[in-house]
Amino acid sequence: MKNIQTESIRQQTDDQIIDATLTLLQSQSYDQLAVTDIARKAGVSRMAFYRHFGTKESVIATIVEQLTSDFAHEAQHLPNESRAVATAFFEFIQSNAVVIAILLNAGLREQFYPPLRDILHGLYSNILRDHATNAAIVDYISDFTASGMLAIAIRWISTGMQETVKELAEMSKEMTDAQEEFL
């Protein structure tokens, strides 16, 4: 019983530190962020911060891991169909828009962009391989598509998310369909 309680307290402290980090990043860049400020905002000592994370980089890595693992898990169950992938991706972006916007505004694009690109690359590779007559370019087109999806998501967030998930998914499907002509 004590082990479960200890783990619960540990998770609560981790969550407080993560929340404090995200809160502080809303008003300052990552470079300005100090461990002392995070600990104070989280209501923990610097020692507790270091026991739980060690560095502010580790906090960001944990945030990105939580963010990307959710989408990676969902991606495992998606059909090899571009509309389904685009819909799931934009629903994920919509659900996590605040965290992604905070990371973007803090100058941390390169922390979350590569892992999400890799997940999308895998999904689009699977879709495109089903239609490929020229398998050699599947990787190139998958990279192009994955990067384009992320660019659309970033633009969508930065312009206030005016379009619906359905509209973006349809636009993305049309772009993917057009790329299949090159295969």
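# Reading the terms in this model

Student: Asp-130 is found in the loop between H7 and H8, but why is Asp-130 called exposed?

Tutor: This is a predicted model, in which local features need pLDDT of at least 70, side-chain atom pairs count only at pLDDT 80 or more, and totals for chains, interfaces and linings use all residues. Residues are numbered from 1 along each chain as its sequence is written, and side-chain values use heavy atoms, with hydrogens and water left out. The relative accessible area of Asp-130 is 53%, and because exposed means over 50% (buried is under 20%, partly exposed in between, with a 1.4 Å probe and protein chains only), Asp-130 is exposed. Along the chain Asp-130 is 49 residues from Glu-81, yet their C-alpha atoms are separated by 9.9 Å.

Student: What makes Ser-125 buried or exposed?

Tutor: Ser-125 belongs to helix H7 (a helix is a DSSP run, H or I, of at least four residues, a strand is an E run of at least two, and both are numbered from the N terminus). Its relative accessible area is 2%, so Ser-125 is buried. Once neighbours within four places in sequence are set aside, Ser-125 has contacts with Val-138, Asp-139 and Ser-142, where contact means heavy atoms within 4.5 Å.

Student: Lys-173 is placed in helix H9, so how do you know whether Lys-173 counts as buried or exposed?

Tutor: The relative accessibility of Lys-173 is 16%, and therefore Lys-173 counts as buried. Apart from residues up to four places away in sequence, Lys-173 touches Glu-81, Ser-82 and Arg-83.

Student: Why is H5 called roughly antiparallel to H7?

Tutor: Helix H5 (residues 82–95) packs against helix H7 (residues 109–129) at an angle of about 165°, with their axes 10 Å apart; axes are lines fitted to C-alpha atoms, for helices over the stretch in contact, and angles run from 0 to 180 degrees between N-to-C directions. That angle makes H5 roughly antiparallel to H7, because the name is given to angles over 145 degrees (under 35 is roughly parallel, 65 to 115 roughly perpendicular, the rest oblique). Residues of H5 that make this contact include Val-85 and Phe-89, and among those of H7 are Leu-120 and Tyr-124.

Student: What is the handedness of the crossing of H5 and H7?

Tutor: The crossing of H5 and H7 is right-handed, a name used when the near helix is turned clockwise from the far one by less than a right angle, and left-handed when anticlockwise.

Student: Why is the pair Phe-49 and Phe-53 called tilted?

Tutor: By the pairing rule there are six aromatic pairs. In one of them, the ring centres of Phe-49 and Phe-53 lie 6.3 Å apart and their planes stand at 40°, so the pair is tilted. The rule (rings of Phe, Tyr and Trp, for Trp the six-membered ring) asks for centres within 6.5 Å, and calls planes under 30 degrees apart stacked, over 60 edge-to-face and the rest tilted. Phe-49, at 0% relative accessibility, counts as buried, and Phe-53, with a relative accessible area of 10%, is buried.

Student: How do you know that Lys-56 lies over the face of Tyr-30?

Tutor: Lys-56 is placed 4.4 Å from the ring centre of Tyr-30, and the term requires NZ of Lys or CZ of Arg within 6 Å of the ring centre and within 35 degrees of the ring normal. Arg-109 lies over the face of Tyr-113, with 3.9 Å to the ring centre.
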